[in-house]
Amino acid sequence: MSTKEKKADDLRVVGTRPIRPDGADKVTGRARFGDDIHLSNMLHGKVLRSPHAHARIISIDTSKAEALPGVVAVVTGADFPVIEHEMVSQGEAGLADMRDIADNCMAQDKVLYDGHALAAVAAENPHVADEAVQLIEVEYELLTPLMDVRSSMAEDAPKVHEHSFPGFFIAPTEAHLPNASRVHMSSGDLEAGFAEADHIVEREFTSETYHQGYIESHITTVDWDSNGNLTVWTSTQGQFEIRDNLADVLAIPIGRIKVIPMEVGGAFGGKDRIYLDPVAALLSKKSARPVKMAMRRDEVIRATGPSPGTYIKAKMGIKADGTLVAADLHLAYEAGAYAGGPIFLGVVSSAARYNIPNFQINGFDVIVNKPKTRPYRAPGAPQGLFAMEQIVDELAACVNMDPVDFRIKNLTREGDILLPGFPLAPIDTDLTLNTLKSHPHYTAPLEGPNRGRGMSYAMWFNLGAISSARLAVNPDGTVHLSTASSDMSGTRMTLAMQAAEALGIEVSEISADVSDSQSIGFSMPTVGSRTTYSTGIVVMEAATEVLKQMSERAAMLWEVDVDQISVADGVFSNKSNAEQSISFKELGSKGRDTGGPITVHQTSSPESFIPGVTAHLVDVEVDPETGKVDILRYTAVQDVGKAVHPDYVEGQIQGAAVQGIGLALNEEYFYDKEGHLKNASLLDYRMPTSLDLPMIDAVIVESPNPAHPYGVRGCGEHSIIPPASAIANAIHDAVGIRPDSLPMAPHKICAAIKRKQAASD
Amino acid sequence: MGKRHHVVTTINGEATEFLCEPRQSLLEVLRDVLFFTGSKEGCNDGNCGACSVLVDGVLIDSCCMLGVEAEGSEIETIEGMANNGELHPLQQAFLEETGMQCGICTPGFLMSAKALLKQNPQPDEGEIRHWLAGNLCRCTGYDKIVRAVQKAASNMGGGA
Amino acid sequence: MVKVRIPQPLRALTNDDEIAEVSGKNVRQIIDALEQLYPGVKAALLKNGKIRPDIAIMLDNKIAQLGLLEPVSEDAELLFIPAIGGG
Amino acid sequence: MHDFDYCAPVSLQEAIGLMATHKGSANLLAGGTDLLIFMRARRKRPELVIDAKLIPELSEVKIDESGLTIGASVSCRAIYENAEIADLYPALIDSTTLIGGIQVQGRASLGGNLCNAAPSADTIPTLIAHGAVANVVSDKGERHIPVEEFCIAPGKTVLEANEILVNIFLPRPAENSAACFLRFIPRNEMDIAVANVAAFVELDSAGENFISARIAIGSVAPTPLFVAEAGDTLSGKPIDEESIMAAACIARDAASPIDDMRGTAEHRTQLVEVLTGRTIRTAVSRARGEA
């Protein structure tokens with residue numbers, strides 16, 4: 001068999017905009033999400049959650065709840081098997097102590113945050129379950145809550161956990177920092193670097209905890225049947241993560257668990273981990289009936305997600321010609337109630353995009369009495385860049401350089417060694433910044449008082465890691481594609497498009513689904529902007545094998561050697577007889593006569609650390625009397641390598657940018673001094689509405705990724721990173737203040753303007 | 001368990017009767033009693049719009065209304081939007097303009113947009129954004145949703 | 001010889017050496033060779049006989065998939081980096 | 001949610017009877033956009049929920065020479081879609097179009113917003129500025145309560161457990177008068193006021209001087225607050241920045257806000273001053289027929 005190497009401009013399918021296969025079900029209300037499961041004889045479970053941020057559980061009395069008519073089963077932490085403290089890789093979502101994961105699902109000895117689960121009830125309907133939960137009596141011994149990184153790192157802070165969280169790159173700190181672990185990276189000579197700097201800026205920044213904010217809650221339905229097998233219907237980024245977590249936490253064999261992924265109503269990093277699943281499993285086991293559990297919105301905010309609050313101290317220096325020479329970053333990130341937040345990603349993303357010869361980063365992973373942090377779209381990056389990109393802006397102004405030119409002068413390019421020690425993979429980083437600079441927005445006049453313009457530039461890496469795909473040629477010559485990659489935004493289509501491209505057929509000839517954990521090989525979850533890139537490669541590997549086997553069938557039909565068969569654009573031809581050619585579909589429909597159906601299953605692990613870059617430009621107007629910031633115009637340029645479906649890529653850029661705008665301006669967890677969360681609703685957790693935004697001009701640029709046959713880079717996360725720093729720079733341009741705290745809420749802007757006025761009076 | 005009430009309504013043009021407890025919201029009745037699961041629960045307190053339906057022509061959040069209150073009402077849900085399998089121009093525009101990603105908020109947006117176009121067949125961008133502000137979408141950043149509504153309005157030629 | 005970049009947390013064991021040149025045909029042999037030069041390195045990198053779950057091995061700029069069994073070519077460059085991901 | 005009974009009386013008499021017999025254990029339901037949420041959050045646990053929407057007196061809107069009467073269960077949307085109301089009471093339109101999203105406005109009632117007595121309620125300052133009166137009945141008789149006296153603490157009103165708010169009466173605005181309501185929220189929709197202000201102004205026929213004014217502020221005290229002095233200071237003054245800012249400062253000084261998840265006390269204090277100035281200016285423009 002011989003196939004022709006495809007160049008980007010030869011592509012027939014990749015780069016077009018077909019309508020997604022799941023779309024019709026989603027616009028008619030037919031799509032089945034986690035809550036749309038109704039099983040016969042099903043019970044409804046509800047959770048009792050701690051009203052305290054930090055307390056020892058003295059006793060739990062469930063007798064009144066059990067006595068309520070309609071209640072069928074009750075579980076507490078005592079029903080969970082005791083498992084060892086063991087650090088495990090949670091796939092690419094980071095590390096975790098499996099015991100901590102179990103403890104987060106149901107507290108054993110202590111409750112560690114407002115909203116921590118400590119008991120659950122299954123009843124005939126959700127209202128009865130809810131009422132029963134309130135009848136559970138718990139006696140607590142209150143402990144001091146630690147509500148931010150600096151309190152947790154204070155010398156006299158009480159120790160939250162007895163066990164430590166030893167890591168290789170991240171090590172327990174000295175005894176006087178009982179709740180923090182440290183990661184350290186450096187290069188060059190910091191002191192010498194700052195000594196040669198002509199301008200140095202040093203500032204401190206803080207940011208509050210914020211949430212992924214998916215509109216669909218966490219919902220799971222578990223049926224523990226009489227054979228001891230569990231079936232789980234749930235909304236998740238990774239059915240295998242759920243399966244493996246459940247097996248560990250419940251101490252049962254993996255083979256007994258089948259996880260069926262439902263449509264996912266948004267996740268953004270927050271749905272790759274068990275919360276309700278083992279609780280529903282134990283309730284199902286006790287009641288011998290299927291149990292559905294759904295979190296209320298306040299539970300989602302109180303007990304899942306979030307992204308960490310931070311304290312950052314940053315110092316950077318440049319030479320008079322605008323060359324960055326030194327940087328010293330202190331990044332303290334909340335881990336939440338258990339160790340293992342996104343500090344590494346904060347470190348790596350802070351370090352990646354500029355060449356800074358003398359560089360030191362100290363990152364701290366800090367336990368606080370808030371829910372355990374989970375990855376959220378480019379985890380840890382927006383906070384670090386909020387600090388660094390503002391200082392970069394200030395430094396550029398010190399030497400009167402255009403902000404884009406300043407960044408171009410300092411940016412990392414292909415082959416430059418990044419701080420963790422590896423070189424930057426191929427990418428044209430200049431392309432993105434030059435595109436922004438030549439965009440009409442960059443030079444458009446911006447008139448009127450209190451208006452300003454700002455930009456920011458970010459680099460993020462997408463994962464490769466393990467994926468599986470199966471291609472089956474149907475008896476009529478159409479093709480079915482199965483993967484294990486949860487589809488939250490159209491990836492069934494982008495994967496089918498790559499399969500169609502590789503097979504040389506129309507995408508309408510391919511159906512695609514997301515399979516359950518027993519019907520396809522292992523895959524890492526849909527995280528890290530990896531699915532279209534990484535699963536896409538695996539799909540194409542499978543397609544190559546399909547073409548190979550079909551070539552063998554063609555050779556059989558024409559009674560020639562397989563090396564006589566050539567394939568191009570979905571047509572198999574006999575090189576030795578120009579008369580003989582057959583389409584993919586026709587050959588496929590002869591499967592039964594040529595040795596049976598063709599099915600190819602492929603599992604492999606494409607490369608990681610594929611860089612992608614993005615540069616954003618924003619115009620704002622500040623109301624100096626109220627501190628309110630309005631977004632007037634927004635442009636986001638992103639290098640996606642190759643846009644498989646440009647509409648979806650624009651959608652990723654726009655959606656990420658708007659999440660970035662949300663965390664920039666208004667989104668935050670608001671705790672009182674005792675650690676009670678006061679804004680656990682979509683009324684007071686202020687995500688952007690349609691009225692808060694202009695159109696988002698998403699500009700796609702494509703510098704091909706050589707690790708992917710069509711040049712694809714992951715594109716899902718990157719654009720959440722720049723908005724906060726771009727908006728901060730625009731606010732500075734508008735009213736001359738430097739925001740030092742996220743979110744840049746009106747009261748903070750107002751206070752800063754007042755301080756500035758007072759200083760100039 | 002609570003005393004159930006017998007409620008007579010019309011849903012998507014079909015006479016429909018159901019039994020419900022007073023504490024069950026219209027959303028719960030639609031989803032868990034009648035299995036119209038197209039209306040979604042996002043917040044259960046009137047702040048996300050995922051459960052939007054029309055009651056007697058008025059757009060409401062079905063989580064903020066009791067099922068028993070529906071006695072004698074005409075209810076329109078997402079399940080009634082397409083006509084015998086033929087998509088409504090808004091549904092078609094949401095597909096063509098990719099006015100969705102995960103899709104959980106989509107039924108609510110479609111019901112809201114339908115109510116908008118009935119009242120204001122040619123809304124401008126600002127009017128669309130104002131009307132849809134009671135529907136939260138976390139995936140799209142709203143850009144393509146607004147464009148989809150604009151496209152549907154244009155395709156419908158100003159007549160809802 | 002294989003060029004190994006010593007990660008920050010190991011430099012206390014390597015007298016601040018940042019690069020070591022050793023030979024070996026797979027990752028296991030490379031780590032054994034490092035242990036000869038810098039006693040204690042092996043215990044720091046391994047847990048229960050496997051590469052610790054928080055370490056990823058990068059060989060010639062690609063993440064190794066086979067752990068200790070990953071073959072190493074003669075003039076390869078080997079790096080220990082944090083195993084990290086995204087949302 | 002807890003278990004409760006539901007009924008939907010079709011006459012005021014029937015409702016009065018139900019309230020009297022279920023004294024303290026019944027709640028009236030209009031739009032439900034607050035009551036249902038409170039019941040889910042266990043802040044209210046009535047044994048009986050009485051649907052108020054079929055009671056004719058509570059569903060009526062009446063405009064005559066004396067003024068506007070709005071039944072307690074009339075929805076925000078029915079109010080702002082009424083062209084006559086929009087013409088005479090633009091501040092009421094400001095208020096009712098700001099509550100929740102379109103969906104909530106389709107259900108939420110003026111009466112519910114008043115009885116809920118939130119310090120941040122978006123219709124109450126407007127009602128106070130207009131000198132509105134709440135008309136209340138029970139088995140013991142009728143009461144007519146000025147709206148500025150209706151709320152006594154967060155979530156608490158002067159209503160007795162057996163009383164029903166029937167309607168709210170807003171006197172017809174004089175010639176050359178108008179009102180405006182503004183609130184500050186961090187987003188542009190779907191938020192609770194960090195601070196809000198309503199101002200009603202009556203001007204002389206030349207539109208050069210204030211004859212009288214009424215100013216009310218919200219979200220900056222345990223209840224919406226009528227700041228009589230702020231309005232009084234404008235009486236007889238020329239319409240200029242000096243008089244407006246004097247009123248704004250009085251309103252600001254009347255505020256006693258707290259820090260909470262919705263804003264800081266310091267910011268709220270400043271907002272009251274800013275919003276008072278802005279509402280007066282807009283009210284003046286409206287009274288002059290400029291806007």
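Let's start with a pair of residues in chain D: Asn135(D) sits across from Asn167(D), the latter belonging to β10(D). Before going further, keep in mind that what you have in front of you is a predicted model.

That pair is part of a longer run of contacts between strands. Strand β6 of chain D, residues 133-138, lines up with β10(D) in the antiparallel sense, and 5 bridges join them. β10(D) also pairs with strand β5 of chain D, residues 67-71, again antiparallel and again over 5 bridges. In that second pairing, look for Thr69(D), which stands opposite Phe169(D) in β10(D). How many of the 8 residues of strand β10 of chain D are buried? The count is 7 of the 8, so this strand, residues 164-171, is largely enclosed by the rest of the structure.

Now step back to chain D and its domains. The domain assignment splits the chain into domain 1 (5-51), domain 2 (57-171) and domain 3 (177-287). Taken over C-alpha atoms, the centres of domain 2 and domain 3 of chain D are 20 Å apart. Where these two meet, 24 residues of domain 2 of chain D are in contact with 27 residues of domain 3 of chain D. On the domain 2 side, α6 (90-96), α9 (124-129) and β8 (151-153) of chain D each bring at least two residues to the side that touches domain 3 of chain D. Of these, α9(D) gives the most, with 5 residues. Sorted by class, that side of domain 2 of chain D has 14 nonpolar, 7 polar and 3 charged residues.

Next, over to chain A. Here you'll find an open sheet of 7 strands with mixed pairing, in the order β4-β8-β2-β16-β13-β14-β15. Which strands of chain A stand at the edges? They are β4 (71-76) and β15 (257-261); each has a single partner strand, so one side of each is left without a neighbour in the sheet. Going from one strand to the next, the twist averages 20 degrees.

Zoom in on one pairing within that sheet. Strand β2 (residues 43-49) and strand β8 (residues 117-123) of chain A run antiparallel to each other, with 6 bridges between them. Arg49(A) is found opposite Ala117(A) in β8(A).

Two helices of chain A go with these strands. Helix α4 (residues 126-134) lies across β2, β4 and β8 of chain A, at about 25 degrees to β2(A). Helix α8 (residues 277-287) of chain A packs on the sheet too, touching β2, β4, β8, β13 (219-224), β14 (230-234) and β16 (291-294) of chain A. The direction of α8 makes about 35 degrees with that of β13(A).

Helix α4 turns up again where chain A meets chain B. In that meeting, 45 residues of chain A are in contact with 44 residues of chain B. On the chain A side, α1 (23-28), α4 and α18 (646-665) each supply at least two residues. The most come from α18(A), with 7 residues. By class, the residues on this side of chain A divide into 20 nonpolar, 17 polar and 8 charged.

One last stop is helix α10 of chain A, residues 343-351. Is this helix mostly covered or mostly open? Mostly covered: 9 of its 9 residues are buried. Among them are Ile343(A), Phe344(A), Leu345(A) and Gly346(A).

Methods
Residues numbered from 1 in each chain as written. Chains lettered and ligands numbered in written order. Predicted model: local features only at pLDDT ≥ 70, side-chain atom pairs only at ≥ 80, totals over all residues. Pairing = 2+ DSSP bridges. Helix = DSSP H or I, 4+ residues; strand = E, 2+ residues; numbered from the N terminus. Axes fitted to C-alpha atoms, helices over the stretch in contact; angles between N-to-C directions. Contact = placed C-beta atoms within 7 Å. Nonpolar A, V, L, I, M, F, W, Y, C, P; charged D, E, K, R; others polar. Domains from an automatic or database assignment. Buried ≥ 20, exposed ≤ 12 C-beta atoms within 10 Å, placed from the backbone.
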